[in-house]
Amino acid sequence: MSPPSDASSNLPATLAEIREDFLALPERERLQLLLEFANELPDLPERYASAPGMLERIEECQSPVRAFAEVDGDGVVHFFATAPAEAPTTRGFASILAQGLSGLTAQEVLDVPDDFPMSIGLTRAVSPLRIGGMNGMLTRAKRQVREQVAARS
């Protein structure tokens, strides 16, 4: 019998640490940590702030969320996102990905388990629709990285 899928098995250090931080808390306190992440969503660099259409709309999110995973000339990924202040859980998820994906190599991003959003202990604290939004952000980031890597080959 094979062991169940474990989202922590291929997690880069930052995402693993974020996951451990959530799982170390009692369930009722995890939402508060997510809201703290919402306050830490990095500002967009000027090239995206002045042209938000360059970021892809995340259709799975009820809120107007836009994100883009950029692979620089050294093959390092930078994840940028914008979400309204009135959508703190969505901002929190975007911030987790911005902090957890930025600085990784393209392959490390592609290796992040697809079920990472389900593994951080928030499935009972937030609605499935919100978890779906984080899944959408991660799926788009991986697709964007794949497309940029393929364009350079």
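These exercises, each with a worked solution, deal with a predicted model of one protein.

**Exercise 1. The fold in outline**

Task: State how many helices and strands the protein has, and give the pattern they follow along the sequence.

Solution:
- Step 1. Count the elements. The protein has six helices and three strands.
- Step 2. Read along the sequence. The pattern is α-α-α-β-β-β-α-α-α.

**Exercise 2. Overall dimensions**

Task: Decide whether the radius of gyration of the protein agrees or disagrees with that of a compact globule.

Solution:
- Step 1. Take the chain length, which is 153 residues.
- Step 2. Find the expected value. A compact globule with 153 residues would have a radius of gyration near 15 Å.
- Step 3. Compare. The protein has 15 Å, so the two agree.
- Step 4. Add the box. Along the principal axes, the C-alpha atoms fill roughly 45 × 40 × 25 Å.

**Exercise 3. Inside and surface**

Task: Describe burial, contacts, surface and charge for the whole protein.

Solution:
- Step 1. Start with burial. Of the 153 residues, 45% count as buried.
- Step 2. Turn to contacts. Take those between residues at least 6 apart in sequence; 66% of them join residues at least 24 apart.
- Step 3. Look at the surface. The accessible surface is about 7900 Å², and 50% of that belongs to carbon and sulfur atoms.
- Step 4. Count the charges. There are 14 positive and 22 negative side chains. The centres of the two sets lie 6 Å apart.

**Exercise 4. The sheet**

Task: Work out the order of the three strands in the sheet, and explain why one side of β1 and of β3 has no neighbour there.

Solution:
- Step 1. Recall how strands pair. Strands of a sheet pair through backbone hydrogen bonds, either parallel or antiparallel.
- Step 2. Pair β1 with β2. Strand β1 covers residues 56–57, and its pairing with β2 is antiparallel, over two bridges. Here R57 stands opposite R66.
- Step 3. Pair β2 with β3. Strand β3 covers residues 77–82, and it pairs with β2 in the antiparallel sense over six bridges. In this pairing A69 faces F79, and E70 stands opposite H78.
- Step 4. Assemble the sheet. The order is β1-β2-β3, the sheet is open, and the pairing is antiparallel.
- Step 5. Look at the edges. β1 and β3 each have a single partner strand, so one side of each is left without a neighbour in the sheet.
- Step 6. Check the cover of β2. Strand β2 spans residues 66–71, and five of its six residues are buried.
- Step 7. Visit the turn. Five residues lie between the strands in the hairpin of β2 and β3, where G75 takes a positive phi near 80°.

**Exercise 5. Two residues in helix α6**

Task: Place I131 and Q148, classify each as buried or exposed, and list their contacts beyond four places in sequence.

Solution:
- Step 1. Place them. I131 is in helix α6, residues 128–152. Q148 lies in helix α6 too.
- Step 2. Apply the cut-off. Buried means under 20% relative accessible area. I131 has 3%, so I131 is buried. Q148 has 16%, so Q148 is buried as well.
- Step 3. List the contacts. I131 meets F93, P117, M118, L122, T123 and V126. Q148 touches F68, A69, E70 and V71.
- Step 4. Link Q148 to the sheet. Strand β2 runs over residues 66–71, and the four residues touched by Q148 fall in that range.
- Step 5. Add a distance. I131 and P84 are 47 residues apart along the chain, and their C-alpha atoms are separated by 17 Å.

**Exercise 6. T89 and D114**

Task: Which of these labels, buried or exposed, fits T89, and which fits D114?

Solution:
- Step 1. Locate T89. T89 is part of helix α4, residues 88–101.
- Step 2. Classify T89. Its relative accessible area is 11%, so T89 is buried.
- Step 3. Name its contacts. Beyond four places in sequence, T89 touches L31, L34, L35, V126 and R130.
- Step 4. Locate D114. D114 sits in the loop between α5 and α6.
- Step 5. Classify D114. Exposed means over 50%. D114 has 57% relative accessibility, so D114 is exposed.
- Step 6. Name its contacts. Beyond four places in sequence, D114 meets N135, L138 and K142.
- Step 7. Add a distance. D114 and V149 are 35 residues apart in sequence and 19 Å apart in space, C-alpha to C-alpha.

Conventions
Residues are numbered from 1 along each chain as its sequence is written. This is a predicted model: local features need pLDDT of at least 70, side-chain atom pairs count only at pLDDT 80 or more; totals for chains, interfaces and linings use all residues. Side-chain values use heavy atoms; hydrogens and water are left out. The radius of gyration is taken over C-alpha atoms; the globule rule is 2.2 Å times the number of residues to the power 0.38. Buried means under 20% relative accessible area, exposed over 50%, partly exposed in between (1.4 Å probe, protein chains only). Contact means heavy atoms within 4.5 Å. Accessible areas come from the Shrake-Rupley method with a 1.4 Å probe; for residues, only the protein chains shown count as cover. Lys and Arg count as positive and Asp and Glu as negative; His and the chain ends are not counted. The place of a charge is taken as NZ of Lys, CZ of Arg, CG of Asp or CD of Glu. Two strands pair if DSSP finds at least two bridges between them.
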